[in-house]
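Thanks for coming, everyone. Let's look at the aromatic rings first, then at the core.

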Amino acid sequence: MAQWLVAGLWGTFAGGALLVGAIFGYRLRVPGRLVAAIMAFGSGVLISALAFELVGEANERGGLAATATGFLAGASIYTLANLYLARRGARRRKRSDDQPSEAQQTGSGLSIALGALLDGIPESMVIGLGLLDGGAVSGVMVAAIFLSNLPEGLASAVGMKRAGRSARYVLGVWGGIALASGLAAIAGNLLFAGSSPQIVAVTTALAAGAILAMLVDTMIPEAFERAHNAAGLITAVGFLVAFALSRIGG
């Protein structure tokens with residue numbers, strides 16, 4: 001099977017957790033603390049994966065300078081883009097409550113959709129990047145993305161429903177993001193095939209920086225708001241589980 005196709009399938013699988021979570025969130029009544037606990041665990045898994053998988057890989061490929069440049073650039077780009085969208089109604093896009101309706105803030109629906117896309121693209125691109133030069137898909141990275149996407153789609157779908165958005169809109173947004181995740185993984189593989197190690201390192205680190213900024217700006221606040229002091233312990237458990245899996249798998 002072609003390498004880019006493998007990347008696309010894994011990217012779609014990981015992104016598909018958004019749609020699965022959205023379906024559960026829109027159709028069922030899921031306890032807020034359970035959502036927060038899963039989100040905290042997924043955050044810990046993702047932090048561990050980006051620390052030991054992405055940043056470590058970027059440093060091995062291109063060295064510290066390339067890694068630091070990409071990492072800070074990714075965090076900066078994400079923060080600026082997130083700030084722009086937050087001012088247009090997407091600030092609480094991963095919250096299960098207090099999302100603005102279209103009547104309260106015109107254009108907030110589009111901003112929320114664009115914000116979700118902004119959150120998902122860096123995660124998916126690294127799947128494609130990891131397959132370059134004959135590499136294999138990182139099971140820990142895919143699991144981390146899946147586990148973080150599931151509660152993200154769930155909590156956001158609950159908030160969208162409470163804000164009066166239709167099932168067609170909610171499921172359409174997350175279905176579209178899942179598809180875009182697969183395309184982003186393909187792009188990460190095709191666009192950087194044959195690139196120098198430094199360019200791949202900068203791009204990988206850029207994605208890692210954006211993911212970390214996303215976690216701190218959106219997922220961790222939601223997890224703490226619902227799970228309170230237990231969020232730190234649950235996040236630590238997620239981090240340790242991912243680290244252990246990466247060592248066992250290595």
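Trp10, Phe13 and Phe146 make up one aromatic cluster. This is a predicted model: local features need pLDDT of at least 70, side-chain atom pairs count only at pLDDT 80 or more, and totals for chains, interfaces and linings use all residues. Residues are numbered from 1 along each chain as its sequence is written, and side-chain values use heavy atoms, with hydrogens and water left out.

Back to the rings. The structure has four aromatic pairs (ring centres within 6.5 Å, taking the six-membered ring of Trp; planes under 30 degrees apart are stacked, over 60 edge-to-face, the rest tilted). Trp10 and Phe13 form an edge-to-face pair, 5.9 Å centre to centre with 90° between the planes. Both sit in helix H1, three residues apart, about one turn of the helix. Helices here are DSSP runs (H or I, at least four residues), numbered from the N terminus.

Are these two buried or exposed? Trp10 counts as partly exposed because its relative accessibility is 37%. Phe13, at 44%, is also partly exposed. The cut-offs: buried is under 20% relative accessible area, exposed over 50%, partly exposed in between, with a 1.4 Å probe and protein chains only.

Now the core. The largest nonpolar core (buried Ala, Val, Leu, Ile, Met, Phe, Trp, Tyr and Cys joined through side-chain atoms within 4.5 Å) has 33 residues. Leu46, Leu54, Met141, Ile211, Met214 and Leu215 touch the most other members. H1, H2, H3 (108-130), H4 and H6 (197-227) each give two or more residues to this core.
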